[in-house]
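This report introduces a protein model to a reader who has not met it before. The sequence and structure are shown first, and the description follows.

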Amino acid sequence: MGTNSSFPEGSPPGGRMSAFNRQTHIYNLSDTDLSVKEKKKKSSKLTTLRKRLIRSRRHSRSMDYGKALREMITTWSIRELKALIQEYEVLVTLKELAMAANLARPLANSLKQDLAMLFDSKCCTDIDLVYKGACFPAHRAILSVRSPYFRDLLNRYPGVGCQVPVKLRTIGVDVVLFATLLRYLYTDEIHSHDLRPDHQESLAKLADEFGVPNQLEHDLRVLLDSGNYSDAVLVFTCDGNCTDSSPENEAPCKSVVHELRCHKAILAARSPFFKNLLIRRARSGEDLGLHTQSKIVLDETIIPRRYARVLLNTIYQDSVDLSLILRGSASMCSLSEVQAIVAGRGQMTLIEEAMEVYQIGQFLDFPVLFQGCEDIIAEGVSLDNLASVLSWSSEPHGSKWVHNQALHFIREEFLQVLHSSVLMELSREYLKEALSSDFLQAGELDILSAIIKWGENQLVKRLEEREPNLLSHTAHSISRKGVKKRDLNDEELKDILADLLPLIRTDHIIPHSSEVLNSAIKRGLVCRPPSHMIGDEGFVVQSSSWIRGKNSGLFIRPRLFGPYYEDAKTVLEERLSQGQDHESGRVRTIQMSAIPDTLYMVDNSHYPTGHVSLPSCNTVDIIAGTIPVPDNATIHRMLHRERELQNSPTAQRAMTLPLSDRRAVHYQLRLRTVREFGLPDSTVEVLQNTNTYYPPDPLPPSLPAKTHSLKKYLISPRKRKQSPPLSKRTPIGSPTKPVQCVPPSRSSQGASRETDLSPCSDSALSDTMPDIAMASASLSQIHLQDEFDLDIGDRGSHHGTMYI
């Protein structure tokens, strides 16, 4: 109901009928419709960002990265090809979950949600509406711009804090319906559960009396641009030490440089900073109970006036528009602007401006503003600004969410990174994070070449640091003369790359006759040559390191490199279309998929869980307070959210795949839950072991009694009996006798202590390691028959029955 939205009483019936149709259509919106609209609006923004973040590019127009894989798998059987594609399909679903966790962050309240909270809290009200003996504190500016009826009514009562009697011509409007109508003016929404059946007829009549409403954003835009009914002024001041950007004008700026009219109610609704400021002034009597025009003075060295329009536009319109930044000869009082001028960089880039506005959003505690800036920075990450974005986001005042997106950019665009100078600017930690990922978009040969090149650059820097000062900056210095590769010490280079080379999956380097690989082996950089270079051809099968099967001890999970995956599917389709499926029959897979992978649980850096290493239990961190422990009500909501994610189609598909890694799936779901609640990633440890940190039946007051038990949210897809760890095996040669699962005896603590071990404990895994090693060594003799439950220390269920 905007300023010009109502129809006069003498309007034609047709106009009033159209108003009635639109009014009743809006009033009859159900909660489901509204929630779907809001979700579509938010999901569209997230989808656009997701597409930009996970965009796939042609890494090189001249090189065919899938050619080497096609040459290798031409001699593979259909069964081996299907097994390789199954490995890739597991990684595809796991990458979807990892991407969702990477994009997760707390949801920022929308404009409608904040105004609804403002209506309920009655904060900064300046009028009292009296209807049928009930008093409704409200805000003059919002009601006047939303409804011509209230605009005309409130003009007759200009006083601040006065009581305004409301009389309606429409019959049948009770106090409940009137309160619902006021809420609609604040939020553009009506909840169907607030209406009785007899209210429908009254709503139709109210359409004639109140007119057709405009969109909420349109009315607030009118309120912002016109400044009508403003009761606050934002004043931007400078301390007098900043100078104008033009070189001919270096005079100090004035103490008051800019003023913008706004409204207390809307400021208080959107920002807790402004809300606390206005309430504190009201209690101190400075603003006489919030009934006078307030001057909010902002230091321009903290909040520059060039960003004032961006700030107000976000407050009133729920969108971050950096085109509203005041550029050119405006006063430059922010520290980053002065630093840019001194460094000779000239005008700030859009990413740098978004970083500054992000700081303003954090200072004002305004999530819509700083999350909008995060989106702008993440969408603008490129090779040119990757180093600066990583540096800024890793600072305490930076954005952890942006940091995750920058790391994702490295993984997705690693081929471009290794062919640019950006590779030399990356730190060791960023390279370790990238190499630990199953989703790194590069072949192992390119990775090896890039790591050696990075290490040689680090070695040259060491030589420059050890150079005598007399030679530095002379014609004989290393920086000018350079260093030949044959002059580099390979032992020192190996020491530099000691923690990076083991992360390269050398068994997956193709083609096998690569000069880069042979040179690295001759230089002693590769400690363990690939398996195809060890032993005779009869012992080592070419596909053993790529798929699970015979010689499974050689298996290493392949990375989900896009060209490899697509070409593997293409080769399989071609072979099947040629009728070569007679040899394969059915690909036999074992549901206890993590038996070979469980060996990597000893070292988190080798465990194939995607790009995030699984944290280990550390009681010292809990005691020191570095891992926050949420309260009971929060942990219940987190467990409920985790259960919702487990029931999602992507998670269900990831868990039902034959080679699914359930431990990694659950970790990604918990990581997403933790990030959605705004907690650090280390809180996953608490969510994974709720029984360790919480009493068995906590009693949160905000949840119904039936949800009081944490056991309701624990992961239990179906009932099954507890199985002790596999410790004793039947000797080979008894094909009719099933494996007996007998818990190991402990002389000091007893056998019952075995099932109470923490999943993060080293002893729980060490007792089962010999049996797991035996199982992997004799994998070729395992046959599936009936079901049994195998506990390998990860609290997951691995189904299948083995007869040996």
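## A helix across a small sheet

Helix 8 (residues 175-187) lies across strand 1 and strand 2, and its direction is about 5° from that of strand 2. Here helices (H or I, at least four residues) and strands (E, at least two) are DSSP runs numbered from the N terminus. Axes are lines fitted to C-alpha atoms, for helices over the stretch in contact, and angles between N-to-C directions run from 0 to 180 degrees. This is a predicted model, in which local features need pLDDT of at least 70 and side-chain atom pairs count only at pLDDT 80 or more, while totals for chains, interfaces and linings use all residues. Residues are numbered from 1 along each chain as its sequence is written, and side-chain values use heavy atoms, with hydrogens and water left out.

The sheet itself is open, with 3 strands in the order 2-1-3 and mixed pairing. Strand 2 and strand 3 (163-165) are at the edges with a single partner strand each, so one side of each has no neighbour in the sheet. From one strand to the next, the twist averages 30°. Two strands pair if DSSP finds at least two bridges between them.

Strand 1 (residues 127-131) runs antiparallel to strand 2, joined by 5 bridges, and parallel to strand 3, joined by 3 bridges. D128 stands opposite P137 in strand 2, and its bridge partner in strand 3 is Q163. The hairpin of strand 1 and strand 2 has 2 residues between the strands, and K132 takes a positive phi near 55° there. Strand 2 (residues 134-138) has a covered face formed by A134, F136 and A138, whereas C135 and P137 form its uncovered face.

## Backbone features in loops

Two residues with positive phi are set out below; neither is a glycine.

| Residue | Phi | Loop | Relative accessible area |
|---|---|---|---|
| Y229 | about 60° | helix 10 (216-226) to strand 4 (232-237) | 31% |
| D365 | near 55° | helix 15 (350-364) to helix 16 (367-379) | 40% |

Y229 is partly exposed, as is D365; buried means under 20% relative accessible area, exposed over 50%, and partly exposed in between (1.4 Å probe, protein chains only). Another loop holds a cis peptide bond, from I510 to P511, with omega near 0°. P511 is in the loop between helix 24 (490-496) and helix 25 (515-522).

## A helix pair

Two packed helices are described by the angle between their axes and the distance between the axes. Helix 22 (residues 444-466) packs with helix 25 at an angle of about 50°, and their axes are 9 Å apart. The two helices, helix 22 and helix 25, are therefore oblique to each other; angles under 35 degrees count as roughly parallel, over 145 as roughly antiparallel, 65 to 115 as roughly perpendicular and the rest as oblique. The contact is made by L445, L448, S449 and I452 of helix 22 and by V516, L517 and A520 of helix 25, where contact means heavy atoms within 4.5 Å.

## Confidence

The protein averages a pLDDT of 74, and 63% of the residues score at least 70; pLDDT is the predictor's confidence in each residue, from 0 to 100. Confidence is lowest in helix 1 (residues 13-27), at a mean of 37, and highest in helix 18 (residues 400-412), at 97. Over residues 55-62 the pLDDT stays under 50, and the model has 12 contacts for them beyond four places in sequence. Residues 584-613 also have a pLDDT below 50, and this stretch has 95 contacts in the model beyond near neighbours in sequence.
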